[in-house]
Amino acid sequence: MAGKLYRIGVMGGDGTGPEVIHEGLKVLQAASKKFGFAMDLVNYDLGGERYKRTGEILPDSVLAELRKLDAIYLGAIGHPDVKPGILEKGLLLRLRFELDQYINLRPVKLYPNVDTPLKDKTPADIDFVVVRENTEGLYTGAGGVLRKGTPNEVAVQESINTRMGVERCIRYAFEFCKNRAKRNKLTLCGKTNVLTYAFDLWERAFYEVAKEFPGIQPDYAHVDATTMWMVKNPEWFDVIVTDNMFGDIITDLGAMIQGGMGIAAGGNINPRGVSMFEPIGGSAPKYTGKNVINPMAAICAGGMLLEEIGEKPAGQAVEQAVITALSGGKIKSLAAGKMGLSTTEVGDLIAGLV
Ligand code: IPM
Ligand code: MN
């Protein structure tokens with residue numbers, strides 16, 4: 001039987017984004033041959049260079065095309081010559097919102113042979129997943145400014161939490177935790193002692209949805225304590241669910257304890273729509289074109305993409321190839337320029353192991 005054909009939108013984006021996506025595609029092609037599915041890759045030239053050239057960030061016609069894809073594979077957005085906020089809000093956040101990618105899924109997993117800054121912690125201790133709400137909270141742009149630039153300036157930036165948005169995120173996290181079948185524990189990360197409106201809503205929704213999942217232990221931690229436990233006792237966590245802002249912050253900490261931005265991948269997921277996968281590290285402009293950036297985060301994001309579109313064994317094989325490559329000892333470090341191999345060599349190595 002012929003395998004399925006998937007239409008994948010490819011957005012290399014800025015800085016080292018295109019280089020790491022190139023290696024990721026190498027690995028996905030190897031997986032497609034081995035597992036018998038096909039990919040129709042559609043390239044999209046979006047990001048800082050396009051913006052500087054044409055003033056366009058995300059034309060409506062492009063967005064309409066993206067809605068018809070099976071998934072999006074994104075490199076990085078962020079350009080040193082573009083004012084912060086323009087591309088982030090106009091492209092990355094707009095995609096997340098318009099495509100209703102309401103889950104930001106970020107595995108925090110220490111692979112073998114990878115250095116973690118946490119003393120005495122091993123791959124057995126660091127293996128949890130953060131489910132970050134991705135369409136609400138402080139990220140919606142709600143609020144405004146009055147009397148800008150005067151001594152009486154007022155800035156209001158509100159956190160929007162809807163029962164629908166919170167509940168669908170929490171339900172996704174419980175289901176994810178159940179399917180993961182690891183420690184069967186879901187931790188709500190919030191701030192119920194201070195943010196008594198927003199996290200009251202989260203907490204009530206959390207314990208109500210928990211009743212539908214008797215096999216999952218519901219657990220709660222304040223966000224400040226969460227950062228403490230992530231460093232001191234990461235083994236306590238299985239799945240963490242949290243709002244957009246807290247999720248943004250704790251997943252950078254998560255990336256560091258799993259070995260750095262070179263390996264940290266994430267998915268912006270609409271379980272019934274078009275999801276988008278990306279290395280979470282940014283465009284690293286100073287390494288652009290030098291063939292030294294670590295493509296492993298992009299490769300891992302590609303593995304997540306395959307799992308989401310329905311090629312689970314292929315996605316798992318991609319992750320396994322990364323683990324095998326790391327276990328082989330040829331990759332000396334995950335840091336750019338210190339890998340002992342070039343970007344393209346790491347891509348070749350992993351593609352050969354799928
Ligand atoms: C991330 C990034 C983005 C975010 C930025 C670039 C807008 O930090 O994906 O975590 O804050 O969500
Ligand atoms: Mn972030």
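These notebook entries record what I looked up in one predicted model.

**Entry 1. Aromatic pairs.** I searched the whole structure for aromatic pairs and found 9. I then examined the pair formed by phenylalanine 174 and phenylalanine 213, whose ring centres are 5.2 Å apart. Their planes make an angle of 15°, so I entered the pair as stacked, the cut-off for that class being under 30 degrees.

I next checked where the two partners sit in the chain. Phenylalanine 174 belongs to helix α5 (residues 163-180), whereas phenylalanine 213 lies in the loop between α6 (198-210) and β9 (217-222). With these positions 39 residues apart, the pair links distant parts of the chain.

Are these two phenylalanines buried or exposed? Phenylalanine 174 has 0% relative accessibility and therefore counts as buried. Phenylalanine 213, at 6%, also counts as buried, because the limit is under 20% relative accessible area.

I also noted that the pair is part of one aromatic cluster, formed by Phe174, Phe206, Tyr207 and Phe213.

**Entry 2. A tryptophan pair.** I turned to tryptophan 229 and tryptophan 236, whose ring centres lie 4.7 Å apart. Their planes are at 45°, so I recorded this pair as tilted. For accessibility, I read 25% for tryptophan 229, which counts as partly exposed. Tryptophan 236 is likewise partly exposed, with a relative accessible area of 38%.

**Entry 3. A charge over a ring.** Which residue lies over the face of tyrosine 139? I found arginine 132 there, at 5.1 Å from the ring centre.

**Entry 4. Helix α4 and the residue after it.** I listed the buried positions of helix α4, which covers residues 86-98. They are Leu87, Gly90, Leu91, Leu92, Leu93, Leu95 and Arg96. I then looked at the backbone just after α4, where aspartate 100 takes a positive phi of about 50°.

**Entry 5. Helices α9 and α10.** I compared helix α9 (residues 296-309) with helix α10 (residues 312-327) and found that their axes come within 6 Å. The axes cross at roughly 155°. Because angles over 145 degrees fall in that class, I entered α9 and α10 as roughly antiparallel to each other. Their crossing is left-handed.

Which residues of the two helices meet? From α9 I listed Met296, Ile299, Cys300, Gly303, Leu306 and Glu307. On the α10 side I listed Lys312, Ala314, Gly315, Gln316, Val318, Val322 and Leu326.

Conventions. Residues are numbered from 1 along each chain as its sequence is written. Chains are lettered from A and ligands numbered from 1 in the order in which they are written. This is a predicted model: local features need pLDDT of at least 70, side-chain atom pairs count only at pLDDT 80 or more; totals for chains, interfaces and linings use all residues. Side-chain values use heavy atoms; hydrogens and water are left out. Rings of Phe, Tyr and Trp (its six-membered ring) pair if their centres lie within 6.5 Å; planes under 30 degrees apart count as stacked, over 60 as edge-to-face and the rest as tilted. Helices (H or I, at least four residues) and strands (E, at least two) are DSSP runs, numbered from the N terminus. Buried means under 20% relative accessible area, exposed over 50%, partly exposed in between (1.4 Å probe, protein chains only). A charge sits over a ring if NZ of Lys or CZ of Arg is within 6 Å of the ring centre and within 35 degrees of the ring normal. Axes are lines fitted to C-alpha atoms, for helices over the stretch in contact, and angles run from 0 to 180 degrees between N-to-C directions. Angles under 35 degrees count as roughly parallel, over 145 as roughly antiparallel, 65 to 115 as roughly perpendicular and the rest as oblique. A crossing is left-handed if the near helix is turned anticlockwise from the far one by less than a right angle, and right-handed if clockwise. Contact means heavy atoms within 4.5 Å.
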